[in-house]
Amino acid sequence: MDQPKPYRELPTRLSHGCFGCGSENPHGLRMIFHTDEKSVFSEIVIPDHMVGWKNFAHGGILSTILDEIMGWSAIYLTKNLVLTKSIAVDFLRPVPVGTTLRAEGRISKVRSDREVAMEGFLLNSNGIVHARGKGVFALFKIDAAMKFGIADEKELRELERVFNL
Ligand SMILES: CCCCCCCCCCCC(=O)SCCNC(=O)CCNC(=O)[C@H](O)C(C)(C)COP(=O)(O)OP(=O)(O)OC[C@H]1O[C@@H](n2cnc3c(N)ncnc32)[C@H](O)[C@@H]1OP(=O)(O)O
């Protein structure tokens, strides 16, 4: 008998142009996310054209991945929409392009109903951490997100529906 999967995919395959997760950006990372309900994670291979020095991934790309994983973790785990207020990244070991990485995000501290501190990690296939991020995210209920113009109403209603916000 099939065992239930210990994790599931988040419904983030929305057709939009986000560099991190949009399915309509041919130059983007096209990240797909899974959750075990305590964290959100994503397997990713950084393409060759995102190289920095030698064959190592550009630090800005690693920061983007950490921003993205912490952002979706914040959305899913707090049930709010988010905007990044700040991020800080520690680059611990170079990341070669073309290798499989695991990005992982989780809540560090819910500071108020409008702000959450998150942490994110980029690990190689042996579980070694290559980069670590900390981020502070503004939390928005749907009505506030509309007021701030984070997305148009149709997109927000869709996010509300698929994420039970
Ligand atoms: C679509 C998803 C895709 C899903 C995307 C998932 C992936 C995420 C990963 C990537 C995310 C990004 O890169 S996001 C892109 C990078 N980040 C950004 O662009 C954020 C730029 N920063 C900002 O817009 C701003 O700093 C804010 C909104 C964060 C904070 O604004 P602020 O102006 O300092 O706020 P503040 O003075 O305190 O308040 C001004 C007014 O806003 C209200 N206000 C402030 N914060 C909030 C709040 N959280 N909820 C309600 N209302 C609020 C206050 O009551 C006040 O109202 P009143 O008194 O005037 O009525």
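In this predicted model, strands β2 (residues 34-35) and β3 (residues 40-45) run antiparallel and are held together by two bridges. Across that pairing, His34 faces Phe41 of β3. The pair belongs to a bigger arrangement: an open, antiparallel sheet of seven strands, ordered β1-β2-β3-β5-β6-β7-β4. The edges go to β1 (8-9) and β4 (81-91), and each has just a single partner strand, so one side of each has no neighbour in the sheet.

Helix α1 (residues 59-78) is draped across β1, β2, β3, β4, β5 (100-112), β6 (115-123) and β7 (129-140). Relative to β4, the helix runs at about 140 degrees. As for annotation, an unreviewed UniProt entry lists residues 55-111 as "domain: Thioesterase". That span is 35% helix and 40% strand, and its end C-alpha atoms sit 39 Å apart.

Turning to pockets, the largest one offers about 590 Å³ of space. Its lining counts 22 residues, with Leu14, His16, Trp72, Ile75 and Leu159 the closest to the centre. At least two lining residues come from each of α1, β4 and α3 (153-163). By character, the lining splits into 13 nonpolar, four polar and five charged residues.

The second largest pocket comes in at about 190 Å³. Around it sit Asp113, Arg114, Leu139, Phe140, Lys141, Ala144, Lys147 and Phe148. Two elements, β7 and α2 (142-148), give two or more residues to this lining, and α2 has the largest share with three. Here the lining holds four nonpolar and four charged residues, with no polar ones.

Definitions and conventions:
Residues numbered from 1 in each chain as written. Predicted model: local features only at pLDDT ≥ 70, side-chain atom pairs only at ≥ 80, totals over all residues. Heavy atoms only, no water. Pairing = 2+ DSSP bridges. Helix = DSSP H or I, 4+ residues; strand = E, 2+ residues; numbered from the N terminus. Contact = heavy atoms within 4.5 Å. Axes fitted to C-alpha atoms, helices over the stretch in contact; angles between N-to-C directions. UniProt positions renumbered as here; feature names shortened; annotations may be inferred. 1 Å grid on protein atoms, 1.4 Å probe; cavity = no way out; pocket = protein on both sides within 12 Å on 5 of 7 lines; lining within 4 Å. Points joined across faces, edges and corners; volume = space filled by probe spheres on them. Nonpolar A, V, L, I, M, F, W, Y, C, P; charged D, E, K, R; others polar.
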